[in-house]
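Hi everyone, thanks for making time today. I'd like to walk you through one model, so let's get it up on the screen.

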Protein chains: 2
Amino acid sequence: MAEPSLQALTEALRRLPGVGQKSASRMAFHLLQHDREGARLLARALEQAATQVRHCSLCHTFTEDEVCATCRSPQRDRAKLCVVETPADQAAVERTQAFNGLYFVLMGKLSPLDGIGPKDIGLAKLFDRATAGELQEVILATNFTAEGEATAHVIGEALKQRGLKVSRLARGVPAGSELEYVDLGTIAHALVDRRMK
Amino acid sequence: MAEPSLQALTEALRRLPGVGQKSASRMAFHLLQHDREGARLLARALEQAATQVRHCSLCHTFTEDEVCATCRSPQRDRAKLCVVETPADQAAVERTQAFNGLYFVLMGKLSPLDGIGPKDIGLAKLFDRATAGELQEVILATNFTAEGEATAHVIGEALKQRGLKVSRLARGVPAGSELEYVDLGTIAHALVDRRMK
Ligand SMILES: [Zn+2]
Ligand SMILES: [Zn+2]
């Protein structure tokens with residue numbers, strides 16, 4: 001693989017997360033041998049997205065406009081704000097059709113070891129927004145990982161100090177699962193967070 | 001993720017082998033949030049490679065020229081031809097610095113279930129080339145998978161019928177490994193292919 005354009009392609013593919021030397025080489029082979037149309041399509045999509053996509057000035061999610069469609073929608077309940085880590089998490093919450101409020105997308109999570117602090121996830125903006133306007137409740141929907149929990153804790157404390165109602169997604173047994181196969185920590189959390197019937 | 005350019009990017013990334021919906025979405029997020037320069041670099045590399053890279057008219061490997069640098073080199077031994085499946089396999093053999101002949105790159109392997117027959121891996125061209133000129137020995141270096149072995153068998157029989165000397169890479173115990181941890185099939189093959197000292 002000494003051809004310069006092949007080597008450049010393999011190196012560029014390695015900038016994708018989770019792609020090492022072997023995968024990059026396999027991807028380059030596949031595109032050039034079996035799917036040049038896919039290669040050109042991906043090239044155009046990358047260029048287009050890198051140029052068009054920016055952040056919503058209100059909720060920070062990816063959008064092609066100044067303010068995203070969700071933030072603009074007159075149908076959303078402006079009294080509730082759901083805080084998520086990424087647009088993919090936002091999409092997951094949207095798919096449930098169980099939430100009709102607005103979002104704030106951190107575009108990351110607090111991660112001191114990686115040098116990601118409050119500024120990098122736009123917390124000042126979130127706090128400004130939470131205290132202005134008709135907002136009543138903030139639902140923390142960061143992931144249930146160590147970093148996601150720490151991020152929820154920091155945001156939750158700050159918002160409670162500002163007098164806001166703050167909630168967190170319930171931890172518990174996933175729908176459709178059998179207790180026998182659920183890990184202990186999850187069952188313990190489900191006991192703590194149990195609901196009165 | 002309802003933004004059209006984001007959706008187009010995620011769909012285009014899914015054309016890469018081994019990339020599903022989740023990985024594509026994670027890749028798009030990473031590029032747009034943390035590495036737009038990488039996105040543009042990958043776009044250019046894809047366009048460039050899709051336009052520049054073609055197949056060597058002699059050995060079928062990827063090249064930007066009519067005939068690749070290896071086939072053109074006056075330093076290579078034209079009496080030996082090594083048959084491999086892909087340019088990555090060719091690169092692996094080259095790295096050993098134990099082979100100084102020429103190559104024929106099948107750009108695939110026989111795979112009747114996937115509809116890949118002798119024509120798709122250029123066997124007519126290989127047979128023409130094997131019987132013209134100074135060639136004395138063909139070394140079959142296809143992979144030691146079921147399909148790679150079958151491909152080696154078909155090519156080997158055809159070349160022997162044409163009066164050529166045909167060899168196959170030795171199967172055996174990998175260098176540096178302890179027998180205790182080597183699988184039975186490999187040890188059995190190493191016994192069959194044992195070398196006299
Ligand atoms: Zn928005
Ligand atoms: Zn060549």
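Before anything else, one convention: when I say helix or strand, I mean a DSSP run, H or I over at least four residues for a helix and E over at least two for a strand, numbered from the N terminus. And please keep in mind that this is a predicted model.

With that in hand, let's begin in chain A, at Met107(A). This residue sits in the loop between strand 4 (101-105) and helix 6 (123-131) of chain A. Its phi is positive, about 55°, although Met107(A) is not a glycine. Is Met107(A) buried or exposed? The relative accessibility comes out at 6%, so Met107(A) counts as buried.

There is another residue of this kind to look at. His60(A) lies in the loop between strand 1 (54-55) and strand 2 (62-63) of chain A. His60(A) isn't a glycine, yet its phi is positive, at about 75°. The cut-off for buried is under 20% relative accessible area, and His60(A) has 17%, so it is buried.

Staying in chain A for a moment, an unreviewed UniProt entry puts the feature "domain: Toprim" at residues 79-174. Over that stretch of chain A, the chain is 36% helix and 20% strand, and the C-alpha atoms at the two ends are 28 Å apart.

Now for the interface. How much area do chain B and chain A bury between them? About 4700 Å², with 66% of it on carbon and sulfur atoms. On the chain B side, the residues that lose the most area to chain A are Arg15(B), Leu46(B) and Phe62(B), together 14% of what that side buries. As for who takes part, chain B brings 49 residues to the contact and chain A brings 49 residues.

Arg15(B) deserves a second look, since its side chain meets that of Asp35(A) in a salt bridge, 3.1 Å from N to O. Between chain B and chain A, the salt bridge count is four. There are also 14 residue pairs in polar contact across this interface, both residues at pLDDT 80 or more.

Which elements supply the chain B side? Those giving two or more residues are helix 1 (4-13), helix 2 (21-34), helix 3 (36-52), strand 1 (54-55), strand 2 (62-63) and helix 5 (87-96) of chain B. Helix 3 of chain B gives the most, with 16 residues. Sorted by class, the side of chain B that touches chain A has 28 nonpolar, 11 polar and 10 charged residues.

That's my tour, and I'm happy to take questions.

How values were computed. Residues are numbered from 1 along each chain as its sequence is written. Chains are lettered from A and ligands numbered from 1 in the order in which they are written. This is a predicted model: local features need pLDDT of at least 70, side-chain atom pairs count only at pLDDT 80 or more; totals for chains, interfaces and linings use all residues. Side-chain values use heavy atoms; hydrogens and water are left out. Contact means heavy atoms within 4.5 Å. Buried area is the accessible area (1.4 Å probe) that two parts lose on being put together, summed over both. A polar contact is a pair of N or O atoms within 3.5 Å; within protein, one must be able to donate a hydrogen and the other to accept it, and residues adjacent in sequence count only if both atoms are side-chain atoms. Ala, Val, Leu, Ile, Met, Phe, Trp, Tyr, Cys and Pro count as nonpolar, Asp, Glu, Lys and Arg as charged, and the others, Gly among them, as polar. UniProt positions are given in the numbering used here, feature names are shortened, and annotations may be inferred rather than shown by experiment. Buried means under 20% relative accessible area, exposed over 50%, partly exposed in between (1.4 Å probe, protein chains only).
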